Amino acid sequence: MKNLLSARAKAIHPSPTLAIDAKAKEMAANGINVIGFGAGEPDFDTPEAIKAAACRAIENGQTKYTPASGTMDLKKAVCAKLLRDQGLAYEPKNVVIGCGAKHVLYNLFQVICNEGDEVILPAPYWVSYSEQVGLAGGKPVVVQTREADGFKLTPAEFRAAITPRTKAIVLNSPSNPTGAVYTRQELQGLAEVAVEKGILVVSDEIYEELIYEGEGHVSIAQLGPEIKELTFIVNGVSKTFAMTGWRIGYGVGDPAIIKAMGDLQSHSTSNPTTFCQSASAEALRNPPAEVKEMVAEFRRRRDYMVDRINAIPGLHCLKPAGAFYVFVGLHGLIGRQLKGRTITDGDVFAELLLEQANVAVVPGSGFGTPEYFRLSYATSMERIKAGLDRIEEFVRQIN
Ligand SMILES: *Cc1c(COP(=O)(O)O)cnc(C)c1O
């Protein structure tokens, strides 16, 4: 049967979280109390006002097809949000609605990449970027950022990675997996390079509301008309409004790119779910008060987790300014042993941690940085405390 698969399909790497996740689920099914730090979604419920808006939409008959690229109402709500929050003026022709930000990114790479076009990915990067670029025939060019730079790409590193084949760069601030947030000044330096070289900036801003310090979220598109022209913003309602299952995301940028994405969508998914679009418009126009409470709770958990990790000999992490992840380095444990096995990287560490202490974490290899692992704090404070107790005890046994 293997001959039935295309070369394209065979080149897909399954999500690296899956192996650990499958094992953790199997252990849980066998009655083992596994504590999972793998969550990639808020543990809060969707705010009531948004649910009510969806129910109203269903009752009003919003259950049929909409235009493939999304409703005019939601596109206008996206424009109003960008004007209100970022001071950015766009029109509905600059907006496409997709089935989640992930879908928007997928379609974007499909319409911008020719075979061999290079897309620069600062590492650690979100796992799907490289797969999506590859599926579009593009070539991911991974640039390793340094922990000493806060895992942020410098303008010099950006410039050095550019070749005649460079089509785009992907920026993700706040970042998954590091939680890094670029400042306006840092973005300014990158914008200057992008404008000089004419590189499209794909700005994944899905965590924009989840920022715990500093000046808050800045979109690189805010830094002047030239960079705005070159920026393609990707965002959605999943993380901000705890709406991961609703599958609504949006892309904002050049009308020709937007039109091509809409055309592609018209032959694949067609429109994102109709009543979810109505509810998302409501969420963007009237952000519920629950968002602030969620941010305050995430901040509390982050502070606790960072302090606990840095108190464990052999582990270290930066204090992330945003998102809901802590990216932990295990350089202090590399080469050491437990149960006859040598810890060579995050993969071995995560496997042993799950087997020996029943704690699931995501190894850094899938993000392009094998000597790290990712902890999510989108889980209760109680679970976080219990899980960190186990990690501390586990690390103590390594010799
Ligand atoms: C969660 C996530 C997305 C995708 O979110 P959707 O649910 O598809 O809207 C995109 N980028 C990053 C970095 C994410 O963590």
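Biologist: How do the residues of the shell around the ligand divide by class?
Modeller: This is a predicted model. Three classes make up the shell around the ligand: nonpolar, polar and charged. The split is 5 nonpolar, 4 polar and 4 charged.

Biologist: Which residues come nearest to the ligand?
Modeller: There are 13 residues around the ligand. Five names stand out as nearest. They are Ala101, Asp204, Tyr207, Lys239 and Arg247.

Biologist: How many Å lie between an oxygen atom of the ligand and an N or O atom in the side chain of Ser238?
Modeller: Polar contacts need N or O atoms within 3.5 Å. Asn176 places a polar side-chain atom 2.9 Å from a ligand oxygen. For a side-chain N or O atom of Lys239, the distance to a ligand oxygen is 3.1 Å. For Ser238, the value is 2.7 Å.

Biologist: What percentage of the ligand's accessible area does the protein cover?
Modeller: Start with the ligand on its own. Its accessible area is then 390 Å². The protein covers 94%.

Biologist: Are helices H13 and H14 roughly parallel or roughly perpendicular to each other?
Modeller: H13 spans residues 346-357, and H14 spans residues 381-396. Their axes come within 10 Å and cross at roughly 105°. Angles of 65 to 115 degrees count as roughly perpendicular. H13 and H14 are therefore roughly perpendicular.

Biologist: Which residues in H14 does H13 meet?
Modeller: On the H13 side are Phe349, Leu352, Leu353, Gln356 and Ala357. By class, this contact has 7 nonpolar, 1 polar and 1 charged residues. The H14 partners are Arg390, Ile391, Phe394 and Val395.

Methods. Residues numbered from 1 in each chain as written. Predicted model: local features only at pLDDT ≥ 70, side-chain atom pairs only at ≥ 80, totals over all residues. Heavy atoms only, no water. Near = heavy atom within 4 Å. Polar contact = N/O pair within 3.5 Å; in protein donor to acceptor, adjacent residues only side chain to side chain. Areas by Shrake-Rupley, 256 points an atom, 1.4 Å probe, with all protein chains shown as cover. Nonpolar A, V, L, I, M, F, W, Y, C, P; charged D, E, K, R; others polar. Axes fitted to C-alpha atoms, helices over the stretch in contact; angles between N-to-C directions. Helix = DSSP H or I, 4+ residues; strand = E, 2+ residues; numbered from the N terminus. Parallel < 35°, antiparallel > 145°, perpendicular 65-115°, else oblique. Contact = heavy atoms within 4.5 Å.
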